[in-house]
Structure formats: structure tokens, C-alpha cells
Amino acid sequence: MKLILILIFSLFSVTSDAADKKTERTWKAKCSSCHGADGKGDTEQGKKLGLADMATEAWQKKFTDAQMKKSILEGINREENGKKLEMKAFKNEGVSEEQVGSLIQWIR
């Protein structure tokens with residue numbers, strides 16, 4: 001019985017690691033050029049756009065998973081504090097809903 005449990009947890013760990021690597025690749029390919037490797041928005045493009053630091057507690061509390069999902073899939077095009085905020089929609093960019101869920105967990 002112990003051996004079976006060890007095998008199940010090992011398989012879950014390998015699957016989880018593969019999913020994490022896939023999410024990291026998606027983040028690097030689709031998000032990090034603006035949001036940075038760590039979500040702080042301190043890239044050249046992120047500074048130009050005035051992106052918020054997604055790693056802060058305030059940002060994390062401000063946005064729900066549903067709001068993040070909508071922003072990723074449908075994009076952003078609004079004004080906030082006198083600044084135009086724009087992000088392209090990724091629903092037609094080959095990003096699946098499953099990947100969006102993984103990205104949200106990555107951000108959290």
C-alpha cells in the first residue's frame with residue numbers, strides 16, 4: 001500500500017512539475033516582455049505602460065481570478081487615473097482556458 005501511495009505522489013509531482021514548466025514557458029512567451037519575469041512590471045515596456053506590480057498584496061487583493069481571466073482572454077482597453085491601459089486579448093493567440101487558469105495560479 002505504501003509503495004502504491006509513493007508511486008501516485010511521484011507521478012503527481014512529475015505531472016505538476018511539467019505543468020509548472022509549461023506555465024513558465026507561456027508566461028515567458030506571452031507575458032514577461034511587459035510584466036517582467038516576476039510580475040513587477042519593471043521592464044522597459046512595463047514602465048512605459050505604467051504597469052502595476054502584480055506581486056504586491058494590494059494588487060493581489062484588488063483583482064479576482066475572474067477579473068484576471070477576463071483581462072487575459074479579452075484584453076484590456078480602458079483609462080485609469082488619466083492613463084490609457086491596454087493589453088491585447090489572448091483568446092485568439094493560442095492561449096487556452098486551461099493555460100489561463102495556470103497563469104492565474106502563477107501570478108498568485
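The largest pocket of this predicted model is lined by 34 residues, and His35, Leu51, Trp59, Ile76 and Met87 lie nearest its centre. Two or more lining residues come from each of α1 (2-30), α2 (32-35), α3 (44-49), α4 (57-62), α5 (65-74), β1 (76-80), β2 and α6. The space in this pocket amounts to about 890 Å³. By type, the lining holds 17 nonpolar, 8 polar and 9 charged residues. Here Ala, Val, Leu, Ile, Met, Phe, Trp, Tyr, Cys and Pro count as nonpolar, Asp, Glu, Lys and Arg as charged, and the others, Gly among them, as polar.

A word on how that pocket is defined: on a 1 Å grid over the protein atoms alone, a pocket is an open set of points where a 1.4 Å probe fits, with protein on both sides within 12 Å along at least five of seven lines, and lining residues have an atom within 4 Å of a point. Grid points are joined across faces, edges and corners, and the volume is the space filled by probe spheres set on the points.

Now to the fold itself. The protein chain has 6 helices and 2 strands, arranged along the sequence as α-α-α-α-α-β-β-α. These are DSSP runs numbered from the N terminus, with helices (H or I) of at least four residues and strands (E) of at least two. Of the 108 residues, 26% count as buried, where buried means under 20% relative accessible area, exposed over 50%, and partly exposed in between (1.4 Å probe, protein chains only). Among contacts with a separation of 6 or more, 40% join residues 24 or more positions apart; a contact means heavy atoms within 4.5 Å.

Helix α5 has Met68, Ser71, Ile72 and Leu73 as its buried residues, and what covers them includes α4, β1, β2 and α6. Just after this helix, Gly75 takes a positive phi of about 85°.

Two loop residues are worth visiting together. Phe90 sits in the loop between β2 (83-87) and α6 (97-107), while Ala37 is found in the loop between α2 and α3. The contacts in the table leave aside neighbours up to four places away in sequence.

| Residue | Relative accessible area | Contacts | C-alpha to C-alpha distance |
|---|---|---|---|
| Phe90 | 7%, buried | Lys30, Ile72, Leu73, Val95 | 9.9 Å to Lys70 |
| Ala37 | 68%, exposed | Trp27, Ser32 | 7.9 Å to Trp27 |

Along the chain, Phe90 and Lys70 are 20 residues apart, and Ala37 and Trp27 are 10 residues apart.

How many aromatic pairs does a search of the whole structure find? There is 1 aromatic pair: Trp59 and Phe63, tilted, at 4.8 Å centre to centre with 40° between the planes. Rings of Phe, Tyr and Trp (its six-membered ring) pair if their centres lie within 6.5 Å, and planes under 30 degrees apart count as stacked, over 60 as edge-to-face and the rest as tilted. Trp59 is buried at 13% relative accessible area, and Phe63 is buried too, at 18%.

Finally, confidence. The chain has a mean pLDDT of 85, with 82% of its residues at 70 or more; pLDDT is the predictor's confidence in each residue, from 0 to 100. Over residues 7-15 the pLDDT is below 50, and this stretch has 0 contacts in the model beyond near neighbours in sequence. Where pLDDT is low, the predicted coordinates should not be read in detail.

Residues are numbered from 1 along each chain as its sequence is written, and side-chain values use heavy atoms, with hydrogens and water left out. In this predicted model, local features need pLDDT of at least 70 and side-chain atom pairs count only at pLDDT 80 or more, whereas totals for chains, interfaces and linings use all residues.
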